[in-house]
Amino acid sequence: MITNGLNEFSGQRVLMLQGPVGPFFARLAADLTLAGATVFKVNFNGGDWLFSLDPSFAGVFNFRGDLAQWPAYFDDLLVRLNIDMVFLFGDCRPVHVAALRKTQRRGIHVGVFEEGYLRPDFITLERDGVNNNSSLPNDPRFYLSQVPQPLPASRPLGSTYGQAAKWGMLYFAAASLARPWFRRYQHHRRLGFSDGPSWVVSFWRKHWYRFTERAVMPRLVGELSGRFFLVSLQTRGDAQM
C-alpha cells in the first residue's frame, strides 16, 4: 500500500516502459522528479519516443532490437542504472511479460497501471501485476470482511473521447513514420494509420445515433425497465481475451 503519495518514491531510481497512449507517463515522470525520484524511459517505437521528450526524464533509451534481444538488454539496464522500481501499463504485452520475468528474478518491484478497474475518472496502480496476474485475493470472503472505507475524492473528467482520439492519432502516426528506425518492433495490436478512418466514422456515428435514437433511453428506463439484460463485451484485441 502506498501511504505517502508520490513522496513514497523519493530517492528511488525508476524505469518506465510503455505507458498509456499519450503524455501520461511524461507527466508522471515530472511529478516523480519533483518528489525526488530519478526517472528513466525505454522507447520501443516512434509513438513511445514522441511522448518521451519531456526534460523530466534523466535518460531515454530507444530499444531497436527484436523481442529475443530485449530480455538481456532490459536486464543490463536494471543493473547499469541501479533501478529500484519499474512502471508499465499492460502487463500482458510481450515486451512487458519478458521484463516481468527479469524483475522477479532480481526482486525489483513493478508498478502496473490499469484503467479498467474503477470507471470513470480513475486509473489504478497495482504492484507486480493486474487482473489475472494480480496479487489481490480471489476469495470473496476477504472483501466481505473488510471495514468499509470512505470513497476517494474524484475529479469528474467527462467524455475523454476527444483526448483519446488526439493522443491516439499522434502516437500511431509517429509510430508509422518512425518504423524504419524501429523496424524490428512488433506491437501487441495493429499499429499504423489503418484505424484512423474508423475513429472518424465512430466519432460521427456517436453523434448521429444520439440524435436519431434520442427516444430510446427514456423507454429503456421507463416502460421497458426491468425487462431486458445489458451485456458488456471486451473490445477486439484486449488483453482480457
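Student: In this predicted model, why is Asn82 called exposed?

Tutor: Its relative accessible area is 51%, and the label applies to values over 50%, so Asn82 counts as exposed. You'll find Asn82 in the loop between α3 (70-80) and β4 (85-89).

Student: What makes the backbone at Asn82 worth a second look?

Tutor: Its phi is positive, about 55°, although Asn82 is not a glycine. Most residues other than glycine have a negative phi.

Student: Where else does a positive phi turn up in a residue that is not a glycine?

Tutor: Try Asp121, where phi is about 80°. Asp121 is in the loop between β5 and β6.

Student: How do you know whether Asp121 is buried, exposed or partly exposed?

Tutor: Take its relative accessibility, 27%. Buried needs under 20% and exposed needs over 50%, with partly exposed in between, so Asp121 is partly exposed.

Student: And what is the peptide bond from Arg119 to Pro120 like?

Tutor: That bond is cis, with omega near -5°. Most peptide bonds are trans. Pro120 is in the loop between β5 (109-114) and β6 (124-127).

Student: Let's go to His96. What makes it buried?

Tutor: Buried means under 20%, and His96 has 0% relative accessibility, so the label fits. His96 is part of helix α4 (residues 94-106). Leaving out residues up to four places away in sequence, it touches Leu17, Gln18, Leu88, Phe89, Gly90 and Asp91.

Student: Which residues line the largest cavity?

Tutor: Leu17 and Gln18 come up again, along with Gly19, Pro20, Gly22, Phe25, Lys41, Gly47, Asp48, Phe51, Ser52 and Tyr171. About 90 Å³ of space lies inside this cavity, and the structure holds three cavities of 30 Å³ or more.

Student: How does that lining split by class?

Tutor: It has five nonpolar, five polar and two charged residues. Asp and Lys count as charged, so Asp48 and Lys41 fall in that class. Gly counts as polar, so Gly19, Gly22 and Gly47 go there.

Student: Tyr171 is on that list. Why is it called buried?

Tutor: Its relative accessible area is 5%, and the cut-off is under 20%, so Tyr171 is buried.

Student: Why is the pair of Tyr171 and Phe172 called edge-to-face?

Tutor: A pair of aromatic rings is described by the distance of the centres and the angle of the planes. For Tyr171 and Phe172 the centres are 5.4 Å apart; pairing needs them within 6.5 Å, so the two rings pair. Their planes are 85° apart, and edge-to-face means over 60 degrees, so the name fits. The structure holds 17 aromatic pairs.

Student: Which rings form a cluster?

Tutor: Ring pairs link Phe44, Phe63, Trp70, Tyr73, Phe74 and Tyr185.

Student: How do you know that Lys166 lies over the face of Trp167?

Tutor: The distance to the ring centre is 4.3 Å. The cut-off is within 6 Å, and the charge must also be within 35 degrees of the ring normal. The distance therefore passes, and Lys166 is listed as lying over the face. Likewise, the charged end of Arg214 sits over the ring of Phe211, 4.3 Å from its centre.

Student: How many helices and strands does the chain have?

Tutor: Eight helices and six strands. Buried residues make up 34% of its 241 residues.

Notes. Residues are numbered from 1 along each chain as its sequence is written. This is a predicted model: local features need pLDDT of at least 70, side-chain atom pairs count only at pLDDT 80 or more; totals for chains, interfaces and linings use all residues. Side-chain values use heavy atoms; hydrogens and water are left out. Rings of Phe, Tyr and Trp (its six-membered ring) pair if their centres lie within 6.5 Å; planes under 30 degrees apart count as stacked, over 60 as edge-to-face and the rest as tilted. Buried means under 20% relative accessible area, exposed over 50%, partly exposed in between (1.4 Å probe, protein chains only). On a 1 Å grid over the protein atoms alone, a cavity is a set of points where a 1.4 Å probe fits but cannot get out, and a pocket is an open set with protein on both sides within 12 Å along at least five of seven lines; lining residues have an atom within 4 Å of a point. Grid points are joined across faces, edges and corners, and a volume is the space filled by probe spheres set on the points. Helices (H or I, at least four residues) and strands (E, at least two) are DSSP runs, numbered from the N terminus. Contact means heavy atoms within 4.5 Å.
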